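Reader: I am new to this structure and would like to know how its labels are justified. Please show it first, and then I will ask.

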Amino acid sequence: MSEPTKSNLNNARFLTVEGVEGVGKTTNITFISAWLEEQGVPYIHTREPGGTPLAEELRSLLLAPRDEQVDATAELLMMFAARAQHIEQVIKPALAKGIWVLCDRFTDATYAYQGGGRNMGFDKIQQLESFVQGDFRPDAVILLDLPVAVGLARAAKRGALDRFEQEAEGFFHRVRDAYLNRAKENPSRYWLVDAEQSLELVQVQISNALQKILADQV
Ligand code: T5A
C-alpha cells in the first residue's frame, strides 16, 4: 500500500476519526474540537456519510432500516456519491483556506464496513477511491479500538438501532479486523487508541497523538 499524500494546501490538516459502533467517536470528537480550539487551530467538524445537504440526504437513505434488501454495490456507490459531494463542497475548500478538517469517518470506514463487513472486494473500493479522490487522503486517522461486544453494548444504550447497527455481531468483527489491518499496513498515518479504557485515559492517548500531529505541521 502506498504512503499517503498530504491533503494540506496551507498547512491545514485533514483528520479523521474511525472505529466500530459505540467506540466513542462522537464523545471524543467533542474533546478533539475543544483541544484544537485551545491550541488556536482553525478547524471545521464534519461527518460521513453526510456533511452537505445532499450528502446528509444520502446518509438518511443509507441509515434508515428498510424492508427492501439493500444491494451491497448500491450501498457502496451511495457512500462514494456522498463523499464526492462532501470533498468538493466542504473538505477541499476548507483546507484551501488553511482550515483544519475534523471528520467523523471517511474512506477507511468504507474499507472496514463495505470491504470487511459486507465482504466486498477491497480492490473495488480502491478503484472507487482513486476515481473519486485521486490521491487525496486524510493526513491522520485516529482509530478508536475496542472489543466489538463492548462497543455494541455502549451503542445499544442509546435506543433505536440504525440499519448498520442491526447487523449481526460477526459483521462488526470483520469491520474491526479490516480497520486494524489498515492501521498495521500504514502505521505512519494511523493513531491507534485503546478505547476500552476510561474516557480520561482514552483522551490522554488522543491528546498525545494530536500533539504529534500538530508538531508535524510543515
Ligand atoms: N458507514 C459509514 C459505512 O458503512 N461506510 C462508510 O463509508 C461510512 C462513512 C454511520 C454508519 O455508516 C456506516 C458506519 C456507521 O454504521 P455513525 O453515526 O458515524 O453512523 O456511526 P456510529 O458508530 O453509529 O456513531 P455513533 O456516534 O453512534 O457512536 P460513537 O460516536 O462511536 O459512540 P459515542 O461517542 O456516541 O459513545 C457511545 C456511548 O459510549 C459512551 C458514551 O458516553 C456513549 O454513551 N462512552 C464511554 N463509556 C465508557 N468509557 C469510555 N471510554 C467511553 N467512551 C464513550
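Reader: Why is the pair Arg-105 and Glu-21 called a salt bridge?

Author: In this predicted model, the N to O distance between the side chains of Arg-105 and Glu-21 is 3.8 Å. The cut-off is 4 Å between a side-chain nitrogen of Lys or Arg and a carboxyl oxygen of Asp or Glu, so the pair qualifies. Arg-105 sits in the loop between β3 (100-104) and α4, and Glu-21 in the loop between β1 (14-18) and α1. The two are 84 residues apart, and the pair links distant parts of the chain. By this rule the count comes to 13 salt bridges.

Reader: What makes the approach of Glu-21 to the ligand a polar contact?

Author: An N or O atom in the side chain of Glu-21 is 3.0 Å from an oxygen atom of the ligand. The limit for such a pair is 3.5 Å, so this one counts. Val-23 passes too, with a polar backbone atom 3.1 Å from a ligand oxygen, and for Glu-165 a polar side-chain atom lies 3.1 Å from an oxygen of the ligand. The protein buries 82% of the 1,000 Å² that the ligand exposes when taken alone.

Reader: Which residues come nearest to the ligand?

Author: Of the 27 residues around the ligand, these are Thr-26, Thr-27, Arg-105, Thr-110 and Arg-158. The shell has 10 nonpolar, 8 polar and 9 charged residues.

Reader: Which helix gives the most to the shell around the ligand?

Author: That is α4, with 4 residues. Helices that each supply at least two include α1 (25-38) and α8 (199-215). The space taken by the ligand is the largest pocket.

How values were computed. Residues are numbered from 1 along each chain as its sequence is written. This is a predicted model: local features need pLDDT of at least 70, side-chain atom pairs count only at pLDDT 80 or more; totals for chains, interfaces and linings use all residues. Side-chain values use heavy atoms; hydrogens and water are left out. A residue is near a molecule or strand if one of its heavy atoms lies within 4 Å of it. A polar contact is a pair of N or O atoms within 3.5 Å; within protein, one must be able to donate a hydrogen and the other to accept it, and residues adjacent in sequence count only if both atoms are side-chain atoms. Accessible areas come from the Shrake-Rupley method with a 1.4 Å probe; for residues, only the protein chains shown count as cover. On a 1 Å grid over the protein atoms alone, a cavity is a set of points where a 1.4 Å probe fits but cannot get out, and a pocket is an open set with protein on both sides within 12 Å along at least five of seven lines; lining residues have an atom within 4 Å of a point. A molecule sits in a cavity or pocket if more than half of its atoms lie within 2 Å of its grid points. Ala, Val, Leu, Ile, Met, Phe, Trp, Tyr, Cys and Pro count as nonpolar, Asp, Glu, Lys and Arg as charged, and the others, Gly among them, as polar.
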